[in-house]
There are 2 protein chains.
Amino acid sequence: MLFWLRNYRRELLSGDLTAGIIVVLMLVPQGMAYALVAGLPPVAGLYASILPALTYALFGSSMVQSVGPMAITSLMTATSLASLAPAGSALYSAMAAQMALIAGVVLLLCGIFRLGFLSNFLSRPVMSGFTCGAAIIIAVSQLKTLLGGSLSSFNLPGASIGAGSLLLLWLARNHLPALLKRLGLPAKGADILSKLAPALTLLLAILVIVKMGWLGQVALVGPIPAGLPGLGIALSLEQLRSLLLPALLIGFMIFLSGQSAAVTLAQKRNERINTDQELLGLGAANLASAVSGGFPVTGSISRSAVNQAAGANTPLATLVTAGLLAIILCVPTGWLALLPLPALAATIIIAVLGMLDFDTPRLALRHDRGDALAWLATLAGVLLLGVEEGVVLGLILSLGTVIARASRPHIAILGRLPGTEHFRNVERYPVETLPHLLMLRIDAGLFFGNAEVITGQIMHAVQPATRQVLLVMSAVNQIDTTGLYALVELNRNLARQGIQLHMSEVKGQVMDRLQHSSLLLQNLSGKVFLSTAAAFSELFDSAMHAPDSRRAAD
Amino acid sequence: MLFWLRNYRRELLSGDLTAGIIVVLMLVPQGMAYALVAGLPPVAGLYASILPALTYALFGSSMVQSVGPMAITSLMTATSLASLAPAGSALYSAMAAQMALIAGVVLLLCGIFRLGFLSNFLSRPVMSGFTCGAAIIIAVSQLKTLLGGSLSSFNLPGASIGAGSLLLLWLARNHLPALLKRLGLPAKGADILSKLAPALTLLLAILVIVKMGWLGQVALVGPIPAGLPGLGIALSLEQLRSLLLPALLIGFMIFLSGQSAAVTLAQKRNERINTDQELLGLGAANLASAVSGGFPVTGSISRSAVNQAAGANTPLATLVTAGLLAIILCVPTGWLALLPLPALAATIIIAVLGMLDFDTPRLALRHDRGDALAWLATLAGVLLLGVEEGVVLGLILSLGTVIARASRPHIAILGRLPGTEHFRNVERYPVETLPHLLMLRIDAGLFFGNAEVITGQIMHAVQPATRQVLLVMSAVNQIDTTGLYALVELNRNLARQGIQLHMSEVKGQVMDRLQHSSLLLQNLSGKVFLSTAAAFSELFDSAMHAPDSRRAAD
């Protein structure tokens, strides 16, 4: 904790200061916008960006992570609370905080019990499909606000502000960096400056509204209470109960999003992320959000990337950002009240459109059709069934894919490359085989997902002339209890037909376990050979002289 | 379908006839008892043993499977319906049939879409823990009936019948086969005869009740309507809706139980089970149960084993059993009414105690501690949370174990065994290494569950002197889209440090995919070598002469 502070060097300071200032300019509109996505008053988004960020700086393991409101968790907060509390009510805000509380506690517990491996539960295509679905839902939900805000269903000044902001932001995202570079800015500076487009667009929108005399015609954010949030949380056991399941799902997505952002940036910086430490950091951040008027928060890849690009070296940058944000809330906040909702909607839409990812499904389509299908199914699930259901569906699809793949394991019948001690697939190489000896290389670990399929394939490969089966175990990285039983059963069934079972090239870690449980080795009808070559030469002789003890299958 | 009938040979007939007769003697008490477990009138258990068995004989793929009521699915029927309909009501029976209907439709759909791999979703330890939990729940639920039936909470005649039957059945199970063998019977015959102990015990119990004048004092099964069940089913969309989720879980267990029984017997007979065909057979059987006054059914390993041991060669044995059962229902059924409930409870308790399995956890404890924990957690989950919850927990534990294991992949740093072309783990063998060349053997397929962990381990293994990383891919059986992205990222991060990435011994099926998606191969900073030896000799030279382009990690 705070190990970065103990080794802080003075030359890191300027980078941290610059990054802290730039991120706060990005965070003010983004925090307010994501609070709106979550169905909360805009100020909640600012609250959720102060204490949680500070807490993460204390407990998290990433040097440049920016923790605060994020698109997906905000959307999940909104969809979970939609049926539980009236939008905009005090109950709604209280339950949003409780949701952060539960998610925080669960994340802390997972961290304490070192369940960091949970971050490996969703495949990248499934996560991509989920993100695309969430982005589309958020973008569509903002269309009404974009076209006139909440004053009436459609009004020309509001729609002009919305459409104008959208156009500006779109141009900024796609052409501003190139333009700035042509004007002589270094590439990195141009990229960072273009990230401030939302803040500048919002200021411009305020100017236009005041100049055109549209005040009262365009929906505005409205009064923002000045001062820091009070600490505390309203608790109701009944409400906590009803929030348990959605909070678990949000907690899962908080971890996946935060962890993935932290890892992506750490790889670029050649640093390592401690997954269990991340759970603690994100858990503590959500507890902090819960008690300071916030809602579920996580690491934002877009803000964190800007933080890092702007020069952040340590979490001090985050402390600067949080400090500036606190100052903004403590000085008069009247100017924030003028922010037009249609322009905020435009920033949300541009932000989430940036989350759309079609590269992953395109690559998956070429590399692994099952992954492409999983992407499509998750996307469709989020859009048709709902966001929470989408997470569960994604989990099922990710894990289901593992078992589905395992149920088509690859097994090669081997022969000897003439004159060598190499044994290769009979279908790919001109190799020598012995009629009495069936050599099979199992190209998969034996576990419950494939154990029965593999032993079935082995039995199927047995020929009438077979007297010896040799399993080449060089690619078998693990054998679980189900796999062990399947091998014991295979040994018994082969013995019943008068066929001996041998193994070769069993890996050290696999052999250790087989020796410890001893069931298979005690009953094995054949031998365990160190190398396939040794097995081949010994079995060459024995196969030639073995009595024909095979019975017909009856 | 019915392919066994087209090739029927006369010499198979006597075995099929004998088995058919023996199984019906076992089925009458068992069917009625499991109907009681399901909370249904005893006759429903007989109905569920006629048409479903015939239907399975038409569509299933096992030659000796006995389809009908089974302990676990009966328990699940009871726990699912407990909160939905009053026990013993017509609604309860109707909903039990609807549950079989939904499960049947789902199983049929799974069969049509060839989802047979679903049978690989639970590990053996999890299935064992689930079965033990279900057995304990069933045994406990029968204690009240055993000690006096439903006439009053406790009555001496009832308790005597119950306790006496329990003792007899226990003795029969543990000592009868040995006794019969000592009396000169062949082992197989002794085993089969001892399976008829429940039927004989029930007859004896009736005799005792009549002789002792206990009629009216011991709870009896009561009138059994004579005749075959009418065909038809009462349908309500609302009821079907409320049954959907539990029926899905029951359908899953129907498939797991039936498939596992079919496979166990097929292995002994050296036959193959077609998993998708099993789904169709079990699905059709449940539809048949639904329309003939039954409830969810599946293959019973205990009855099927007796069927096979008694000489069944083909599903004709099942046709004989079903025919005899139909005859029993069509002749006067008054004698069935006299069956005492405490004795039936005793048969249930003895049957489910036979399902307790402590060998699996004991072996798991020695072979794989995680599997032993999963057994215990599933058992505890079933007992503490409930049966349906136990299935879901088992699923989570099975699949979670896969990811948890994947998150601790094995990676070996390799060196050359002096004077050979063999490369082995530096920690286990005295090998030669090159300071500039890091050779790593990845002992796992690369997929979303381990991709990030593996690339993290590789980055961690890089030393300051490292200029070349060679990944030995002989044990990498698959690379999914997430794994592909991780390798691309690894290649980029290594290149940023001036380190080249090479691969060797990439398997055929993996290489095909990498070539098809091309992303990695296009950008790979190094080469793909056929063998590690070729890589070693080429990189030996290049590493010696490469310019020092490595930057310090900044």
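The legends below describe close-up views of a predicted model with chains A and B.

**View 1. The two chains are related by a rotation.** Chain A is superposed on chain B by a rotation of 180 degrees, with 0.0 Å of shift along the axis and an RMSD of 0.1 Å. The two copies are thus related as by a two-fold rotation axis. Within chain A, the C-alpha nearest this axis belongs to A:Ala475 and lies 2.3 Å from it. Both copies use the same surface, since 100% of the contact residues of chain A recur in chain B.

**View 2. Chain A meets chain B.** The contact draws 55 residues from chain A and 56 residues from chain B. On the side of chain A that touches chain B, at least two residues each come from helix H7 (124–146), helix H11 (237–269), helix H17 (359–367), helix H19 (387–406), helix H20 (451–461), helix H21 (481–496) and helix H22 (508–517) of chain A. The most is given by H19(A), with seven residues. By character, the residues on this side of chain A comprise 20 nonpolar, 22 polar and 13 charged.

**View 3. An open sheet of six strands in chain A.** The strands follow the order S4-S3-S5-S6-S7-S8, and their pairing is mixed. Strand S4 (423–425) and strand S8 (528–529) of chain A stand at the edges; each has a single partner strand, so one side of each is left without a neighbour in the sheet. At the S8(A) edge, strand S7 (residues 500–504) of chain A runs parallel to S8(A) and is joined to it by two bridges. A:Ser504 has A:Phe529 in S8(A) as its bridge partner.

**View 4. Helix H20 lies across strands of chain A.** The strands crossed by H20(A) are strand S3 (411–416), strand S5 (437–442) and strand S6 (468–472) of chain A. Relative to S5(A), H20(A) runs at about 155 degrees. H20(A) is also among the helices that supply at least two residues to the side of chain A that touches chain B.

**View 5. Helices H5 and H7 of chain A cross.** The axes of helix H5 (residues 71–81) of chain A and H7(A) come within 10 Å and cross at roughly 65 degrees. H5(A) and H7(A) are therefore roughly perpendicular to each other. The crossing of H5(A) past H7(A) is left-handed. H5(A) makes the contact through A:Ala71, A:Ile72 and A:Leu75, and H7(A) through A:Thr131, A:Ala134, A:Ile137 and A:Ile138. Six of these contact residues are nonpolar, one is polar and none is charged.

Note on methods
Residues numbered from 1 in each chain as written. Chains lettered and ligands numbered in written order. Predicted model: local features only at pLDDT ≥ 70, side-chain atom pairs only at ≥ 80, totals over all residues. Contact = placed C-beta atoms within 7 Å. Helix = DSSP H or I, 4+ residues; strand = E, 2+ residues; numbered from the N terminus. Nonpolar A, V, L, I, M, F, W, Y, C, P; charged D, E, K, R; others polar. Pairing = 2+ DSSP bridges. Axes fitted to C-alpha atoms, helices over the stretch in contact; angles between N-to-C directions. Parallel < 35°, antiparallel > 145°, perpendicular 65-115°, else oblique. Left-handed = near helix turned anticlockwise from the far one by under 90°. Least-squares fit on C-alpha atoms with pLDDT ≥ 70 in both.
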